[in-house]
Amino acid sequence: MPGNLYIVSTPIGNLKDISSRALSILSDVDIIACEDTRVTRKLLTHYQIKNKLITYNDMNEIKMADAIVQYLIEENDVALVSDAGTPCISDPGYRVVHKSLMNNLNVISVPGPSSVQSALSISGLPSDNYFFQGFLPKKKGRKTKFEKLNILDCTIIIFESPKRVKKTLRDIYSNMGDRVISVCKEISKIYEKVYMNKVSNIIDEFENINPKGEFVILIAKENYTL
């Protein structure tokens with residue numbers, strides 16, 4: 001009987017934010033496919049889990065998706081994890097899920113941490129209707145993307161790195177106006193912080209800050225006020 005492909009969510013910061021079911025799956029499967037073996041090994045070591053790791057990332061996703069499907073056909077259970085959070089959400093994974101479903105193999109969700117829902121829940125912005133953008137184009141297509149985002153009548157969620165967060169804040173202001181935004185920094189980690197204000201005020205607040213860690217930026221719809 002073919003094996004199961006488990007899509008396992010792992011902590012986005014605090015290692016305690018993992019379910020007992022996820023730990024059980026990671027212990028019991030035949031293979032764990034991960035973005036970076038060094039990152040995943042830290043989690044497994046913390047919970048005294050010893051298991052076989054293979055690398056599945058942006059560089060080898062097409063090739064490894066076929067390999068994992070073959071593992072499943074050969075009756076191996078495989079867990080797919082990303083470095084943090086839920087696989088396939090701005091992380092590798094959809095290709096192997098697609099190929100598995102096309103081969104009538106079982107794909108099972110092991111839900112848990114996701115910075116999308118976590119940031120939305122602490123943003124202070126409307127959460128009944130939202131659009132997840134993920135990372136913006138760095139150069140080509142960036143302005144066009146902002147034009148499309150600008151007409152959406154909902155909260156918009158963007159992922160950003162510390163190197164580009166100031167630029168993105170300025171781009172939001174220049175392309176979308178002085179919207180109310182929420183910036184969530186280092187969710188579930190020691191220096192977790194939420195900034196909620198008009199984007200112009202947050203730009204000023206970040207002027208003398210050297211950003212570190214990962215950021216989630218949430219943009220309120222145009223007519224939303226503080």
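Which residues does Ile-181 touch, not counting residues up to four places away in sequence? In this predicted model, the contacts of Ile-181 are Leu-125, Leu-169, Tyr-195, Met-196, Asn-197, Val-199, Ile-202, Ile-217, Leu-218 and Ile-219. Ile-181 also has a bridge partner in E10, namely Ile-219. The strands concerned, E8 and E10, run antiparallel and are joined by 5 bridges.

Ile-181 belongs to the largest nonpolar core, which holds 19 residues. Together with Leu-169, Val-183, Phe-206, Ile-217 and Ile-219, Ile-181 is among the members that touch the most other members of this core. Two or more residues each are contributed to the core by helix H6 (142-150), strand E7 (155-160), helix H7 (165-176), strand E8 (180-185), helix H8 (199-206) and strand E10 (215-219). Apart from this core lies another, of 17 residues, including Val-8, Leu-26, Ile-49 and Ala-79. In soluble globular proteins, nonpolar side chains tend to be buried together.

Strands E8 and E10 form part of an open sheet of 5 strands, in which the order is E6-E7-E10-E8-E9 and the pairing is mixed. The edges of the sheet are occupied by strand E6 (130-135) and strand E9 (193-198); each has a single partner strand, so one side of each is left without a neighbour in the sheet. From one strand to the next, the twist averages 15°. Helix H8 lies across E8, E9 and E10, and runs at about 130° to E9. The loop between E8 and E9 contains Ser-188, whose phi is near 75°, a positive value in a residue other than glycine. A positive phi near 75° is also found at Glu-75, likewise a residue other than glycine; Glu-75 lies in the loop between helix H3 (61-73) and E4.

Two serines in loops were examined further. Ser-9 is located between strand E1 (4-8) and helix H1 (20-28), and counts as buried because its relative accessibility is 2%, under the 20% limit. A polar atom of the Ser-9 side chain lies 3.3 Å from the backbone nitrogen of Gly-112. Leaving aside neighbours within four places in sequence, the contacts of Ser-9 include Ile-18, Ala-22, Gly-85, Thr-86 and Pro-87, as well as Val-110, Pro-111, Gly-112 and Pro-113.

The other serine, Ser-82, is found in the loop between strand E4 (78-80) and helix H4 (94-102). With a relative accessible area of 2%, Ser-82 is buried. The side chain of Ser-82 is joined to that of Asp-91 by a polar contact of 3.5 Å. Residues touched by Ser-82, not counting those up to four places away in sequence, are Thr-10, Glu-35, Pro-87 and Asp-91. Pro-87 is thus listed among the contacts of Ser-82 and also among those of Ser-9.

For the protein as a whole, 8 helices and 10 strands were assigned. The C-alpha trace spans about 55 × 35 × 30 Å along its principal axes. The radius of gyration is 19 Å, which agrees with the value near 17 Å for a compact globule of 226 residues. Of the 226 residues, 46% are buried. Among contacts with a separation of 6 or more, 71% are accounted for by residues 24 or more positions apart.

Terms used
Residues numbered from 1 in each chain as written. Predicted model: local features only at pLDDT ≥ 70, side-chain atom pairs only at ≥ 80, totals over all residues. Heavy atoms only, no water. Helix = DSSP H or I, 4+ residues; strand = E, 2+ residues; numbered from the N terminus. Buried < 20%, exposed > 50% of the residue type's maximum accessible area, 1.4 Å probe, protein only. Polar contact = N/O pair within 3.5 Å; in protein donor to acceptor, adjacent residues only side chain to side chain. Contact = heavy atoms within 4.5 Å. Core = buried A, V, L, I, M, F, W, Y, C linked by side-chain atoms within 4.5 Å. Pairing = 2+ DSSP bridges. Axes fitted to C-alpha atoms, helices over the stretch in contact; angles between N-to-C directions. Rg over C-alpha atoms; globule rule 2.2 N^0.38 Å.
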